[in-house]
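This report describes selected side-chain contacts and surface features of one protein model. The reader is invited to follow each residue in the display below.

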Amino acid sequence: MGEAKRRKTTLGEQYGQDTPILPWVPITKSQAELFVSLTTRGAWIGITLMVVAWVTIRFIGPAFGWWQIVD
């Protein structure tokens, strides 16, 4: 607990607040982590939708006679 008290007295008002990534960029570290997690999730959703569309176009559609694949 000594380290936390020392840090609290050193930082004063800024203790416990998010720090910006860079001084001139108004984005905090937690906001950057949230952005990375959201974009990663969005990328996986996009990949999944692309695979589903490919399977539908390549296999499901021709199997039900909706269209024909031209080779």
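Glu-3 and Arg-6 both belong to helix 1 (residues 2-11), and because they are three residues apart there, about one helical turn separates them. In this predicted model, their side chains meet in a salt bridge, with a distance of 2.6 Å from N to O. The count of salt bridges comes to one. How exposed are the two partners, Glu-3 and Arg-6? Glu-3 has a relative accessible area of 43% and is therefore partly exposed, since this class lies between 20% and 50%. Arg-6 is likewise partly exposed, with a relative accessible area of 45%.

Attention now turns to helix 2, which spans residues 29-63 and contains Trp-54. Phe-35 also has its place in helix 2. With a relative accessibility of 56%, Phe-35 counts as exposed, because the cut-off for that class is over 50%. Between Phe-35 and Met-50 there are 22 Å in space, C-alpha to C-alpha, and the two residues are 15 apart in sequence.

The next topic is the aromatic side chains. A pair of aromatic rings is described by the distance of the centres and the angle of the planes. The structure holds three aromatic pairs, and two of them are set out in the table.

| Aromatic pair | Distance between centres | Angle between planes | Arrangement |
|---|---|---|---|
| Phe-64 and Trp-66 | 5.3 Å | 25° | stacked |
| Trp-66 and Trp-67 | 5.9 Å | 50° | tilted |

Why is the pair of Phe-64 and Trp-66 classed as stacked? The planes of Phe-64 and Trp-66 stand at 25°, and planes under 30 degrees apart count as stacked. Phe-64, Trp-66 and Trp-67 form one aromatic cluster. Within this cluster, Phe-64 is exposed, and Trp-66 is exposed with a relative accessible area of 53%. Trp-67, by contrast, has a relative accessible area of 34% and is therefore partly exposed.

Which residues make up the nonpolar surface patch? The patch is made by Trp-54, Ile-57, Phe-59, Ile-60, Phe-64, Trp-66, Trp-67 and Ile-69, and its area is about 870 Å². The members of the aromatic cluster, Phe-64, Trp-66 and Trp-67, are thus among the residues of this patch. Another residue of the patch, Phe-59, has a charged neighbour: Arg-58 lies over the face of the Phe-59 ring, at 5.5 Å from the ring centre.

Notes. Residues numbered from 1 in each chain as written. Predicted model: local features only at pLDDT ≥ 70, side-chain atom pairs only at ≥ 80, totals over all residues. Heavy atoms only, no water. Patch = residues over 30% accessible without salt bridge, like charges linked within 9 Å, V, L, I, M, F, W, Y side chains within 5 Å. Areas by Shrake-Rupley, 256 points an atom, 1.4 Å probe, with all protein chains shown as cover. Salt bridge = Lys/Arg side-chain N within 4 Å of Asp/Glu carboxyl O. Helix = DSSP H or I, 4+ residues; strand = E, 2+ residues; numbered from the N terminus. Phe/Tyr/Trp six-rings, centres within 6.5 Å; stacked < 30°, edge-to-face > 60°. Buried < 20%, exposed > 50% of the residue type's maximum accessible area, 1.4 Å probe, protein only. Lys NZ or Arg CZ within 6 Å of the ring centre and 35° of its normal.
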